[in-house]
Amino acid sequence: MGHHRGFGIHGVGVKCRCATGCTNYSRCLVFSYEADGHTKGVVELSPTPPQRLSWEISEECMRAIDTSYTLAKSLCEDVDLRVLMFKDYGKGFMKTCKVSPDAYIQLALQLAYRRDAGKFNLTYEASMTRLFREGRTETVRPCTVESCAFVTAMLDESVTNLERQRLLRVSCDVHQTAYLDCMSGKGIDRHLFCLYVVSRYLEIESPFLKEVLSEPWRLSTSQTPQTQTGRTDVSKHPEQISPGGGFGPVADDGYGVSYIISGEDIIFFHISSKLSSPETDSNRFRDRIHQALLDIKAIFSA
C-alpha cells in the first residue's frame, strides 16, 4: 500500500480531501474505493520492499520458545467452545417489553447459570468508558439482589407471570442504571484496583482489598457490536450477518460468554469453558441459555 491523495483519505488519520470539503469521514471512507476494491487517489510514495530478517537464536532462547509453545498449546486445547445462533426472537421483542435488550440478555444468563451451577456467582460484564480520554473499560456487576430475586421467581412455580414481569423490569432498570454509571466513571472495580495499586506502593496490607480482588469471575460476559463502521445493515443484507468471536473463561471452573445482537431477530452467543473442569460444560450451558431465553419470553405470552 502506498500513500494516497485525492478523493477520500490522505494517509491515515488526517482530514478528508474530497471535493466538497466535508468533515464526514465515515461517508468518504464508504465511497472512496474503486469498483475493484482499490483506494481512489494517486500513489505518491511507494513503501520500502520487505526484507527477510535473519535471527540468531541461542539454545536458551529456543528452550524458552519451546516451553511457551507447549504451554500455549495446552491452554488452547483445553478450551471448550460452543456457538449458539438464537433465532426464536431478538432485541425486537425485548424492546416491546420496554427494557434494555442487554439487561434482558444478562437476566437470561443469570437464569441459565443458576440452573447450571445451582447457585449464583460473581458476574463480569464489560462496559466502555470512551467518554474519557484513554478510557477503556469498567466492570458492570449483573448479579444483583434484584436479578437474583427475578431468577428465584422464575424457578418458583407459585409466582405469577405478572409478578415475574415486574421483577424483570425492576432488575433491568437496576442493570441499566449500573451500566450508565460505569460508562460515566461511577463504577466500582477500577476504583478498587486503584486503591490496590496505591496500597502496594505504600506497602499497606488491606484484608478488604485482598478478599475483594481475589474473588473469581465464574461468569465473564461481554456484548460485542455487529459492526463499528455503520457500513453494514443486516436488515437489508442478512447474508452479511456474522457470529463474531468470543473469549475464554476467566476462572478455571467458569464460563466466558460473548454475545452479539444481530439485527432485530438474531442473537449469537459464544460459550467457552475448560475441558479440564468437571463443573462446567459449554454444550450444556448453551442449552441452558437457549431455554432461559424461551422461558423469559413465555412469561409475556402466557
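This is a guided tour of a predicted model, taken one selection at a time.

**The sheet**

Begin by selecting the six strands of the open sheet, which follow one another in the order β3-β8-β7-β6-β4-β5 and pair in a mixed fashion. At the edges you will find β3 (79-86) and β5 (137-140), and because each of these has a single partner strand, one side of each is left without a neighbour in the sheet. If you look along the sheet, neighbouring strands are turned against each other by 20 degrees on average, direction ignored.

Stay at one edge and select β3 together with β8 (residues 266-274); these two strands run antiparallel and are joined by 8 bridges. Within this pair, pick out Leu-81, which has Ser-272 of β8 standing opposite.

Next, add helix α4 (residues 101-117), which packs on the sheet and touches β4 (123-128), β6 (219-223), β7 (255-262) and β8, with its direction making about 145 degrees with that of β7.

**Strand β4 and its partners**

Now select β4 by itself and colour by accessibility: the strand is mostly covered, with 5 of its 6 residues buried. On one pairing, β4 meets β6 in the parallel sense over 3 bridges, and here Tyr-124 stands opposite Ser-220 in β6. On another, β4 meets β5 in the antiparallel sense over 4 bridges, and here Ala-126 stands opposite Thr-139 in β5. With β4 and β5 still displayed, bring in helix α6 (residues 161-183), which lies across both strands and runs at about 50 degrees to β4.

**Salt bridges**

The structure holds 12 salt bridges, and the next stops visit some of them. While helix α6 is selected, show the side chains of Glu-163 and Arg-166, which meet in a salt bridge with an N to O distance of 2.7 Å. Because they are 3 residues apart in helix α6, these two residues are separated by about one helical turn. Both ends of the pair are partly exposed, Glu-163 with a relative accessible area of 28% and Arg-166 at 43% relative accessibility.

Move then to Lys-91 and Glu-264, whose closest N and O atoms are 3.9 Å apart in a salt bridge. Lys-91 lies in helix α3 (residues 91-96) and Glu-264 in the loop between β7 and β8, so the pair ties together parts that are 173 residues apart in sequence. Lys-91 counts as partly exposed at 25% relative accessibility, and Glu-264 likewise counts as partly exposed, at 35%. Extend the selection to Lys-95, since Lys-91, Lys-95 and Glu-264 are linked in a network of salt bridges.

For a further stop, select Lys-274 and Asp-252, whose side chains meet in a salt bridge of 2.7 Å, N to O. This pair links distant parts of the chain, with Lys-274 in strand β8 and Asp-252 in the loop between β6 and β7, 22 residues apart.

**A nonpolar patch on the surface**

To finish, switch to a surface view and select Leu-53, Trp-55, Ile-57, Met-62 and Ile-65, which together make a nonpolar surface patch of about 550 Å². Leu-53 is found in the loop between β2 (42-45) and α2 (59-77). Its relative accessibility of 59% lies over the 50% cut-off, and Leu-53 therefore counts as exposed.

How values were computed: Residues are numbered from 1 along each chain as its sequence is written. This is a predicted model: local features need pLDDT of at least 70, side-chain atom pairs count only at pLDDT 80 or more; totals for chains, interfaces and linings use all residues. Side-chain values use heavy atoms; hydrogens and water are left out. Patches are made of residues with over 30% relative accessible area and no salt bridge: like charges are joined within 9 Å, nonpolar side chains (Val, Leu, Ile, Met, Phe, Trp, Tyr) within 5 Å. Accessible areas come from the Shrake-Rupley method with a 1.4 Å probe; for residues, only the protein chains shown count as cover. A salt bridge is a side-chain nitrogen of Lys or Arg within 4 Å of a carboxyl oxygen of Asp or Glu. Buried means under 20% relative accessible area, exposed over 50%, partly exposed in between (1.4 Å probe, protein chains only). Two strands pair if DSSP finds at least two bridges between them. Axes are lines fitted to C-alpha atoms, for helices over the stretch in contact, and angles run from 0 to 180 degrees between N-to-C directions. Contact means heavy atoms within 4.5 Å.
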